[in-house]
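I opened my notebook beside the viewer and wrote down what I looked up, one topic at a time. Come along if you like.

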Amino acid sequence: MLTLKDNKNKENNKKNGNNRPKLIIKGGKALKGVIAANGAKNAALPIMAASILASGKICLQKVPDISDVEHMARILQFMGAEVQYNGDGCFIVDTSNFSKTRAPYKLVKKLNASFDITGAMVARFGEAHVPLPGGCVIGTRAVDMHLEGFRALGCEVEQEPGGFISVKARKLVGGRVHFRRTSVGATKNVMMAAVLARGKTILENVAREPEVIDLANFLNCCGAGITGHGTGRIEIQGVRKLYPDIEYEIIPDRIESATYLLAGAITGGEVTVRNAEPEYLKTFLRKMRKAGQDIKIGNDYIRITGVKPIQSVGAIITEPYPGFPTDLQPPMTALLSLSNGTTLVKEKIFNMRFSYIDELRRMGADFQMDGNTVIVRGVERLLGAPVEAPDIRAGGALILAALSAEGKSEVYGLNFIDRGYEKIEEKLREIGADIERVG
Ligand code: UD1
């Protein structure tokens, strides 16, 4: 039975009529203290999808309390799984009675990661009918490489009326796939299909993100035969079945960790993020040191002491891991908007990831934009303003800017921010931010 937490905020919104939820932030306070990062959203969602593969009960720990997790839980529940999640990090799912092979459009359209269920469903049931994830505010979200991978494993792939993709296979057989570009989503989805295929599958030019490694480690804990994860070539020796009854802890969220470190830097404070994994953040931390920030790495924490003036860093170019993460491009740009020089920021993963730039301009930031490149010309101060978050990480960027700005800001678009940041206002308040959720 689903026992998702009560969403008190939603109830409050209804009571308050048409009040749009927003964060009110009075900026200019140096943040000081300790924040604990939770498990990674981008690992938790595909691992929840992978639970379909092992018919039975699985317990996941450190699952973040965010709305994307709630939506994935609802999709699994709709398909017949029993789900227990109270927002306390412990997610229990039993997929013994998972029976449907057609995913619900209304739920799937809420998160791109929902297409991750396709590989697992076709592997367990021989068919999956999943709506295309559709356009996304940060750029086009093609799935052609996912589908090429399924075909290489012997699947028949067809577009169905209503925007559904049908993937069917009487028997999955191991195959060889060379992805034409690095895709986290395609790597995860095809890997999930291949674990139950007959024989060996070789995936080349795969994503090396820590979240891909975490998914492979989870699958191996259930009995899969995956090797090479974390390199550009993954080999999967198909097995007859995966075994449930395991407990698995999700890796720390590197994007959440970095966002709080940036909060320390941008406010000139001192913030320690516990349960942070420095290994996952090497490229980011290198840039932060270049920006003049003081970083200390301990056993299970990263501490930042903000140093003014923030130095410009030459260039930030987003690339697949271990390059600079696309998810940190907006928050990093917020920091650099207060630097003492000029930085070139180039977005190479998504084609529409600068929609937050105009909001930062309204706070006084200075940018020159040309296609997927932005020249950031640092200014001395930002001024509070009402701003609208167009996506999750842009929301992170606007909150950071508001924390450093003079005066009051109102940040709207919490439906995006809540998709990826767990209790962000509570965590920031604990380290001294003047931040309040209203509406
Ligand atoms: C991407 C990021 C990931 C980040 C996540 C959430 C990369 C490589 N991936 O993963 O680190 O955590 O967003 O913001 O940085 N593409 C195709 N065809 C496909 C699949 C993808 O053309 O079949 C394209 C996408 O349109 C995109 C690029 O490849 O431009 C990377 O996509 P992908 O890595 O699959 O996206 P996510 O899995 O969302």
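Which residue takes a positive phi just after helix 8? I looked, and it is Gly223, with a phi of about 110°. A reminder to myself before going on: this is a predicted model.

**Entry: helix 8 and its partner**

I stayed with helix 8, which covers residues 210–221. The helix has twelve residues and reaches 16 Å from its first C-alpha to its last, close to the 16 Å expected at 1.5 Å a residue. I then listed its buried residues: Pro210, Glu211, Val212, Asp214, Leu215, Ala216, Phe218 and Leu219. In general, an α-helix has 3.6 residues a turn, so residues three or four places apart point the same way.

Next I wanted to know how helix 7, residues 184–194, packs with helix 8. The two pack at an angle of about 10°, and their axes are 10 Å apart. Angles under 35 degrees count as roughly parallel, so helix 7 and helix 8 are roughly parallel to each other. I wrote down who meets whom as well. From helix 7 come Val184, Thr187, Lys188, Met191 and Met192, and from helix 8 come Glu211, Val212, Leu215, Ala216 and Leu219. Val212 is one of the helix 8 residues in that list, and I already had Val212 noted as buried.

**Entry: strand 12 and its two neighbours**

Which side chains of strand 12 (residues 233–237) are buried, and which are not? They alternate: Ile234 and Ile236 point to one face and are buried, while Arg233, Glu235 and Gln237 point to the other and are not.

I followed the pairing next. Strand 10 (residues 200–204) runs antiparallel to strand 12, with five bridges joining them. There Leu203 has Ile234 of strand 12 as its bridge partner. Strand 11 (residues 225–227) also runs antiparallel to strand 12, joined by three bridges. In this pair Ile226 stands opposite Ile236. So I had a bridge partner for each of the buried isoleucines on my list, which I note here for Ile234 and for Ile236. Strand 11 and strand 12 form a hairpin with five residues between them. In the turn, Gly228 has a positive phi of about 85°.

**Entry: the sheet around strand 1**

I moved on to an open sheet of four strands, in the order 21-22-1-23, with mixed pairing. Its edge strands are strand 21 (386–388) and strand 23 (434–438), each pairing on one side only. The twist averages 20° from one strand to the next.

I went through the pairs along the sheet. Strand 21 and strand 22 (residues 408–412) pair in the parallel sense over three bridges, and Glu388 stands opposite Tyr412 in strand 22. Strand 22 and strand 1 pair in the antiparallel sense over four bridges; here Ile25 stands opposite Ser409. Strand 1 and strand 23 are antiparallel too, over five bridges, and Ile24 stands opposite Glu436 in strand 23.

Why is strand 1 (residues 22–26) described as largely enclosed by the rest of the structure? Four of its five residues are buried, so the description follows.

**Entry: the cysteines**

How many disulfides are there? The count comes to zero. I checked Cys59 and found that its closest cysteine sulfur, in Cys90, is 4.1 Å away. A disulfide needs the sulfur atoms within 2.5 Å, so that pair is too far apart for a bond. Cys59 is buried, at a relative accessible area of 14%. Cys90, at 21% relative accessibility, counts as partly exposed, because buried means under 20%.

**Entry: two single residues**

Is Thr283 buried or exposed? Thr283 lies in helix 10 (residues 282–290), and at 15% relative accessibility it counts as buried. Leaving aside neighbours within four places in sequence, I found Thr283 in contact with Pro322, Gly323 and Phe324.

My last stop was Lys168, in strand 8 (residues 164–168). Lys168 counts as partly exposed, at 39% relative accessibility. Not counting residues up to four places away in sequence, Lys168 touches Val122, Gly126, Glu127, His129, Gly154, Cys155 and Glu156. I also took one distance across the model: the C-alpha atoms of Lys168 and Arg286 are separated by 45 Å, and the two residues are 118 residues apart along the chain.

Terms used
Residues are numbered from 1 along each chain as its sequence is written. This is a predicted model: local features need pLDDT of at least 70, side-chain atom pairs count only at pLDDT 80 or more; totals for chains, interfaces and linings use all residues. Side-chain values use heavy atoms; hydrogens and water are left out. Two strands pair if DSSP finds at least two bridges between them. Axes are lines fitted to C-alpha atoms, for helices over the stretch in contact, and angles run from 0 to 180 degrees between N-to-C directions. Buried means under 20% relative accessible area, exposed over 50%, partly exposed in between (1.4 Å probe, protein chains only). The expected span of a helix is 1.5 Å times one less than its number of residues. Angles under 35 degrees count as roughly parallel, over 145 as roughly antiparallel, 65 to 115 as roughly perpendicular and the rest as oblique. Contact means heavy atoms within 4.5 Å.
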